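Welcome! Here is a short tour for anyone meeting this structure for the first time. Please keep the picture at hand as you read.

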4 protein chains.
Amino acid sequence: MRPQSLRARESVLTATCALLEEGGLPAATVDAISARSGVSKATIYKHWPSRTAVAAEAFGIKMATAVPLPDTGTAVGDLTEQVRLVSAFYSSHAGSTFAQLLAACVTDPAGAPYFREFFLNGRRDAIGVLWRRALERGEVDDEVDVETAIDLLFGPLIFRLLSGHAPLGETEAGAIASAALTGLLRGRG
Amino acid sequence: MRPQSLRARESVLTATCALLEEGGLPAATVDAISARSGVSKATIYKHWPSRTAVAAEAFGIKMATAVPLPDTGTAVGDLTEQVRLVSAFYSSHAGSTFAQLLAACVTDPAGAPYFREFFLNGRRDAIGVLWRRALERGEVDDEVDVETAIDLLFGPLIFRLLSGHAPLGETEAGAIASAALTGLLRGRG
Amino acid sequence: MRPQSLRARESVLTATCALLEEGGLPAATVDAISARSGVSKATIYKHWPSRTAVAAEAFGIKMATAVPLPDTGTAVGDLTEQVRLVSAFYSSHAGSTFAQLLAACVTDPAGAPYFREFFLNGRRDAIGVLWRRALERGEVDDEVDVETAIDLLFGPLIFRLLSGHAPLGETEAGAIASAALTGLLRGRG
Amino acid sequence: MRPQSLRARESVLTATCALLEEGGLPAATVDAISARSGVSKATIYKHWPSRTAVAAEAFGIKMATAVPLPDTGTAVGDLTEQVRLVSAFYSSHAGSTFAQLLAACVTDPAGAPYFREFFLNGRRDAIGVLWRRALERGEVDDEVDVETAIDLLFGPLIFRLLSGHAPLGETEAGAIASAALTGLLRGRG
DNA sequence: GCCTAAGCGAGACGGTACGTCTCGTCTTATC
DNA sequence: GATAAGACGAGACGTACCGTCTCGCTTAGGC
């Protein structure tokens, strides 16, 4: 019969983006999204399994075009630069929303796939490009899995972002990137 | 004047431990803690700023004595072994509670200091011992900050635990530990 | 849109009646009403401004049909009989609930209109009928306001009920009715 | 040691008076009384059975000297004037506190005797004087009990004060006094 | 072009935890 | 050994958000 309305999806995502911008994930309650988008709660729950899923998709779409890929000419430069860009992003308003979303996915397993699909995958693809470029240039260890590489570079940043146990400025991001690239063992740099 | 009662603190922490064991953080509601411990909600809120804080302290105390320090004879062995132990811990029931706590700290800033104080610090101290031991043996790069080293080794595990974007078995933990030690760049292993 | 459910209203009022019967106003907590009626607290607070309001409405409805109008043939008889009936009512279990409700309305201004609407008005209407009947028969002073008459007849009973400074049996009720009818001045009876 | 006791009593009553003045009965929390008087809660509960009792005593003492007895030369004048004075009092800030105290006595039976002892009795004694004076002058019906007379004159005012179902200005007070004196029956005025 | 089944808005609802409040009792430490 | 200071147990309060449901209105797509 009547197909699900595209308009509803888009209104919801637009409204959710605005709410996330204004007050982070806590502001993006289902009632608030419903009120602002003019889409009823029931309809929202027909399109998404949970509030986290909506927020994850909205946030992912917004971010998709935000961080450009660097090209400094070397793998070391590109990856280090990328870590720096990402750590700057984490320090921003959006970074806090990212943390809230990641945290919400722990509690809401139904939302996690959306977060991965619409946010993490995009990020990982982008960095995968850098990694493959570096591999082709022979600059990085081809025995290291791309997944491992990505987590090694960004996991530490994310851990700091979430728990706040240590600062996360440009200096620290640089130190982490450097350590990840050259390793912890002695006489490797 | 009458000092705050130790008994109340201890009852609360014991009850919270039990609840965390049974149903993770979601089970450790303030009402449940109050009911099981026989300590009133008002008193709980006089001792701790939030439910997350209680849970963090309870969980941290329980874990403090749980994971022993390895001593394999080499820094590489010790640190790798520690990463393996921790990843095994993360795969367990308690690991899920850990993730829930870390996630809760994003939403509840008042709880975060408790989590750092009673959980992270303990963990970091333990690993700091390993790191210093390795430094003395000259096995690791003395230009790397101990904080950086710790986050590099465990951040990736935690990131995977939270988002579930990649498996986290013994193999993966080994790969991460190995990559962290030898670095991502070519010709370093 | 979906209208407020009659079922919810009725369940709440029924449950509240039962609770009032069992333990007076102190037993009619919002939690208890919610639990017994199966209506959630939030919904109760959407229908009524406060617990007192719910209790007042429930009590008023129950009483509305409980005390019949007497018809002894004379105004003196009718009014005296009514005072006697009401004082008997006040001595009963329900009378204590009445006192608790009236007292609660002092503290909870939001509940007072409900008490007047659902309890007092009903009572006053009933007695107004008696008063007009007496007026038509020319038995009572047509310069006295019906409001004044009612308060003169029942105010003393209520005052005694609340403060308990004097007994309130059939004898006392008769004395009050008699004094109200004939006045305090000498040579009027 | 003993004299300390007296000081405690007085501090408590003074502090309670001030609190009643500022915010009525709701402001006279036991904690607030304790804090303001410098007398500990435990000591307060050694002298009085409940918060209502403290408030009742404090209020009664304050009011004891406030309303003078009128002497217009006739019983009609005196009693009418008294009703008017009392109704003016009820319209004041203190009147609202009176209502709150009376209401509290319904819920707190332990406080009721204090209220009667320290407030009602004083009032009733004062009016008893007027009543006896009128009796001696032969102006009032000597078959009417003084208790009945008092309740007939003031019960209606108090009822209106509590439930707010009708205004309580000078006009209404006059009408009530008049009706109480001459009675409701026809041809008696 | 009509009809009908579904999509949809609006928001009421049950559920559940929250953090706060005040009461009256109990426990120290002090004077 | 009485008191101040205040911690404590008890339990109701009113609020928030979740995700489900129940209404009617709207609107496509099949006939």
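## Helix α7 of chain C

The buried residues of α7(C) pack against α4, α5 (75–91), α6 (93–107) and α8 (146–163) of chain C, and also against α8 (146–163) of chain D. Keep in mind that this is a predicted model. Among the buried residues of α7(C) are Phe115(C), Phe119(C), Ile127(C), Leu130(C) and Trp131(C). Two arginines, Arg123(C) and Arg124(C), are on that list of buried residues too.

The helix, residues 112–136, has a kink of about 40° centred on Leu120(C). Leu120(C) is itself one of the buried residues of α7(C). Just after the helix, Gly138(C) adopts a positive phi of about 70°.

## A buried serine in a loop

Now look at the loop between α3 and α4 (51–64) of chain C, where Ser50(C) sits. Is Ser50(C) buried or exposed? Its relative accessibility is 12%, and buried means under 20%, so Ser50(C) counts as buried. Leaving aside residues up to four places away in sequence, Ser50(C) touches Tyr45(C), Asp108(C) and Gly111(C).

## Around DNA strand E

There are 41 residues around DNA strand E, and those that come nearest are Ser5(A), Tyr45(B), Arg51(B), Ser5(C) and Arg51(D). On the DNA side, sugar and phosphate make up 62% of the strand E atoms that come within 4 Å of the protein.

By class, the protein surface near the strand has 15 nonpolar, 15 polar and 11 charged residues. Which helix gives the largest share of this surface? That is α3(A), with four residues. At least two residues each come from α3 (41–47) of chains A, B, C and D, and from α2 (30–37) of chain B.

Some side chains place a polar atom by a phosphate oxygen of DNA strand E, as this table shows.

| Residue | Distance to a phosphate oxygen of DNA strand E |
|---|---|
| Arg7(A) | 3.4 Å |
| Thr43(A) | 3.1 Å |
| Tyr45(B) | 2.3 Å |

Tyr45(B) also appears among the residues that come nearest to the strand.

## How chains A and B are related

Finally, step back to compare two chains. Chain B is superposed on chain A by a rotation of 180° with 0.0 Å of shift along the axis, at an RMSD of 0.2 Å. This is the relation of a two-fold axis. Gly183(B) is the residue of chain B that comes closest to the rotation axis, with its C-alpha at 1.7 Å. Because 100% of the interface residues of chain B are also interface residues in chain A, the copies meet through the same surface.

Note on methods. Residues numbered from 1 in each chain as written. Chains lettered and ligands numbered in written order. Predicted model: local features only at pLDDT ≥ 70, side-chain atom pairs only at ≥ 80, totals over all residues. Heavy atoms only, no water. Near = heavy atom within 4 Å. Polar contact = N/O pair within 3.5 Å; in protein donor to acceptor, adjacent residues only side chain to side chain. Nonpolar A, V, L, I, M, F, W, Y, C, P; charged D, E, K, R; others polar. Buried < 20%, exposed > 50% of the residue type's maximum accessible area, 1.4 Å probe, protein only. Contact = heavy atoms within 4.5 Å. Bend = angle between axes of the 7 residues up to and from the residue. Least-squares fit on C-alpha atoms with pLDDT ≥ 70 in both.
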